[in-house]
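Biologist: Please take a close look at a single part of this model, beginning with one residue and following its surroundings outward in a connected account.

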Amino acid sequence: MQHSEIDLLELISSVGQARSYYIEAIQEAKSKNYEKCNELVRKGNEMYAKGHRIHQCMVQEEAGGNSIPVSILLTHAQDQLMSAESFKILCDEFIDLYRRIDEMGKK
């Protein structure tokens, strides 16, 4: 396996785990377990940042003249990164909505 293929697999693994944490965080917010929810978001953000750093290094490598071959693996990594980013945004929005609903129920 080439170095970039290992990086791609690590990127896929990291952002896939991040996405899973975000989904779990939404479920915890729905159950009003905000402490657990916050922990899952923190873990998700760490894993997302790890994947994003790998992606950033690859972009810098290509910008420096070292071409990265386009492959199904690269395409999948890009797709997973964007999916995790979308879930991150939706996770933040859902948690905010659940908190607002909970606050309205207390009044």
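Modeller: L8 is placed in helix α1, helices being DSSP runs of H or I with at least four residues, numbered from the N terminus. The model is a predicted one, in which local features need pLDDT of at least 70 and side-chain atom pairs count only at pLDDT 80 or more, while totals for chains, interfaces and linings use all residues. Residue numbers start from 1 along each chain as its sequence is written, and side-chain values rest on heavy atoms, with hydrogens and water left out.

With a relative accessible area of 3%, L8 is buried, a term that stands for under 20% relative accessible area, against over 50% for exposed and the range in between for partly exposed, with a 1.4 Å probe and protein chains only. Leaving out residues up to four places away in sequence, L8 touches M58, L73, L74 and A77, where contact means heavy atoms within 4.5 Å. M58 stands 50 residues from L8 in sequence, yet their C-alpha atoms are 9.2 Å apart in space.

M58 is among the buried residues of α2, whose list also includes Y34, C37, L40, V41 and Y48. L74 and A77 appear in turn among the buried residues of α3, together with Q80, L81, S83, A84, C91, I95 and D102. As to the overall form of these two helices, the end C-alpha atoms of α2 are 42 Å apart, in agreement with the 44 Å that its 30 residues should span at 1.5 Å a residue, an expected span being 1.5 Å times one less than the number of residues. Helix α3, residues 72-106, has 35 residues and reaches 50 Å from its first C-alpha to its last, close to the expected 51 Å.

The largest nonpolar core has 24 residues, and the members that touch the most others are A25, Y48, C91 and I95; such a core is a set of buried Ala, Val, Leu, Ile, Met, Phe, Trp, Tyr and Cys residues joined through side-chain atoms within 4.5 Å. Each of α1, α2 and α3 supplies at least two residues of this core, and its largest share, 10 residues, comes from α1. Beyond its neighbours within four places in sequence, Y48 is in contact with V15, A18, Y22, L81, A84, E85 and K88.

Turning to the loops, K32 lies between α1 (3-30) and α2 (34-63), and its phi is positive, about 65°, although K32 is not a glycine. Most residues other than glycine have a negative phi. K32 is also exposed, at 55% relative accessible area. After α2 comes G65, which has a positive phi near 105°.

Away from the buried side chains, a search of the whole structure finds six salt bridges, each defined by a side-chain nitrogen of Lys or Arg within 4 Å of a carboxyl oxygen of Asp or Glu. In helix α3, R100 and D96 are four residues apart, about one turn of the helix, and their salt bridge has its closest N and O atoms 3.1 Å apart. R100 is exposed at 52%, whereas D96 is partly exposed at 31%. An α-helix has 3.6 residues a turn, so residues three or four places apart point the same way.

In helix α2, the side chains of R42 and E39 meet in a salt bridge of 2.5 Å, N to O, and these two residues, three apart, are separated by about one helical turn. Both R42, at 38% relative accessibility, and E39, at 30%, count as partly exposed. E103 pairs with K106 in another salt bridge, with 3.6 Å between the closest N and O atoms; E103 is partly exposed at 44%, and K106 is exposed at 64%. Salt bridges that share partners join E39, R42 and E46 into one network.

The surface of the model also carries a nonpolar patch formed by L90, F94, L97 and I101, which together have about 370 Å² of accessible area, and I101 is placed in helix α3. Patches are made of residues with over 30% relative accessible area and no salt bridge, like charges being joined within 9 Å and nonpolar side chains (Val, Leu, Ile, Met, Phe, Trp, Tyr) within 5 Å, and the areas come from the Shrake-Rupley method with a 1.4 Å probe, only the protein chains shown counting as cover for residues. L97 is 62 residues from E35 in sequence and 16 Å away, C-alpha to C-alpha. E35 itself has its place in helix α2 and is exposed, with a relative accessible area of 71%.
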